[in-house]
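Reader: I am new to this structure and would like to ask about it step by step. Please show it to me.

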Amino acid sequence: MHQDQHPWIDPGDPAQHATTLAAEFTRVYGREPAGVWFAPGRANLNGEHIDFHGGRCLPTALAHGTYVAAAPRDDAVLRLRTLDEQLDDGVAVVPSPLSGADADHPRLAQDAPAWTRYVSGVLWALDQLAPEHPEFEVDAGYGADLLISSTLPIGGGLSSSAALECAAVLAFIATGTPFGAEHPEHRLTGALDDCRRALLAAACMRAEVEVVGAGTGGLDQTVSLRGSRDHLLSLDCRDFTVRALNIAPLLRDHVLLAVDTGQAHWLGDGQFGDRRADAEAAAALLTAQPLRTLLPADPTADDVDAVLTAFDQQLKADAAGSELVRSRGVAACRRRLRHAMTEMLRSEQLLAALERLPADPIEAASSIGEILTQGHLSMREDAEVSFDEADDVVDVALQGDALGARLIGGGFGGSVLALLRAGDVDDITAALLRKQPKLRFVNVVPSEPARAL
Ligand code: GLA
């Protein structure tokens with residue numbers, strides 16, 4: 001969606017976006033769409049780089065997200081266009097991933113723009129659910145025309161990729177499966193219960209890992225499909241169970257501000273995978289599968305220290321796995337391990353602070369802020385995924401008396417999340433813009449998950 005240069009990115013009115021996108025669809029494809037579907041981006045308060053280690057994440061769905069208008073075709077062809085200014089290159093025509101000879105492997109066009117793989121990957125992963133869930137079997141010969149627009153900064157660390165996947169999966173279900181035929185239009189949203197949404201989140205994650213080749217851990221897809229208005233999710237990535245926590249008491253006097261640094265990142269570029277591989281090498285040395293099993297349910301700082309001591313001892317003992325750690329770099333693997341452990345500890349501390357919110361919002365807000373800032377230090381020093389612009393945003397926000405601030409998402413670009421007193425927002429955003437005039441701001445409003453519009 002075209003954004004003017006106003007620093008605040010307006011999520012706009014979803015119904016209005018849907019009408020505009022449907023009209024544009026008719027102009028581009030010469031026929032009307034069957035509907036418009038939306039999926040939100042996310043902000044994660046804590047739990048970065050630990051979803052794939054079975055940690056706890058505390059994300060919320062945004063009001064900002066991605067819209068997909070679609071109409072089915074019967075010639076096994078996908079015609080795809082995004083209206084994002086940086087990516088729009090007209091209509092890309094690709095074969096349906098289901099049209100190849102090998103049903104277990106998606107058919108992909110080698111020359112198609114990279115972003116189209118998120119979409120065709122999702123269609124393939126949806127159909128892969130069919131043996132156990134025939135209601136999601138994609139109709140024979142199914143193809144579709146899609147027009148996509150987003151109110152999220154692309155590559156801005158607010159999960160624009162997952163929002164695209166999750167909006168696309170709803171469009172495909174609605175226009176190409178028995179489940180969609182049985183639950184037309186708005187009825188689809190309610191018919192997708194939490195259990196089915198968990199299944200779809202897993203399918204979208206599979207598309208991103210197996211088709212796009214980016215090592216996502218499922219955090220983004222889960223909150224986009226299963227988040228809820230006014231709530232954060234406490235997401236246990238050992239089994240992807242979720243609990244919704246009301247944060248309305250926090251947002252009465254405070255603002256959660258996402259600051260897009262304008263430095264785009266892409267998970268498939270290798271750096272993200274390297275960080276994950278370092279931590280996995282440490283996990284192999286400690287024979288921990290996943291890393292979360294190294295800490296008790298209610299961990300303390302002593303438990304974290306004990307894990308690091310065990311790591312040092314295993315290395316000295318030259319235990320199995322030490323060669324892998326040595327080849328990746330002992331100090332780097334130890335830092336990744338320390339990030340994972342302290343981040344897991346912070347998630348439990350944050351959960352406790354959120355539970356104290358209704359009784360004492362002021363105290364809880366100050367603890368939440370402190371945890372955010374500690375999280376940033378860990379992203380910078382131990383995960384080593386931060387960058388100058390993000391560090392600078394955190395510093396300026398804290399100088400302006402923010403309660404806390406941290407880099408969120410995968411890092412190497414993307415957004416900082418800051419917790420501010422409502423009365424400080426104007427001063428802090430003005431100070432930030434003085435230092436970095438191209439920053440964009442997103443007001444984090446915990447919102448509804450993916451739905452039909
Ligand atoms: C990306 C991935 C997620 C998660 C975060 C970091 O957003 O897609 O699965 O690993 O990075 O927490």
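The questions and answers below take up the ligand, a helix and two loops.

Reader: Between which parts of the protein does the ligand lie?
Author: This is a predicted model. The shell around the ligand takes residues from both domains, so the ligand lies between domain 1 (14-245) and domain 2 (247-443).

Reader: How much of the ligand does the protein bury?
Author: Three polar contacts can be listed to begin with. Oxygen atoms of the ligand are 3.1 Å from a side-chain N or O atom of arginine 42, 2.9 Å from a polar side-chain atom of threonine 216 and 2.7 Å from a polar backbone atom of glycine 217. Alone, the ligand exposes 310 Å², and the share of this buried by the protein is 98%.

Reader: How many residues of helix 3 are buried?
Author: Helix 3 covers residues 160-176, which makes 17 residues. The helix is mostly covered, and the number of buried residues is 15.

Reader: Which residue is joined to proline 290 by a cis peptide bond?
Author: Proline 290 sits in the loop between helix 9 (271-285) and helix 10 (301-316). Omega of the cis bond is about -5 degrees, and the partner is glutamine 289.

Reader: Is phenylalanine 412 buried or exposed?
Author: Phenylalanine 412 is in the loop between strand 10 (404-407) and strand 11 (415-421). Its phi is positive, about 65 degrees, although the residue is not a glycine. Buried means under 20% relative accessible area. Phenylalanine 412 has 19% relative accessibility, so it counts as buried.

Conventions: Residues numbered from 1 in each chain as written. Predicted model: local features only at pLDDT ≥ 70, side-chain atom pairs only at ≥ 80, totals over all residues. Heavy atoms only, no water. Helix = DSSP H or I, 4+ residues; strand = E, 2+ residues; numbered from the N terminus. Expected span 1.5 Å × (residues − 1). Buried < 20%, exposed > 50% of the residue type's maximum accessible area, 1.4 Å probe, protein only. Polar contact = N/O pair within 3.5 Å; in protein donor to acceptor, adjacent residues only side chain to side chain. Areas by Shrake-Rupley, 256 points an atom, 1.4 Å probe, with all protein chains shown as cover. Domains from an automatic or database assignment.
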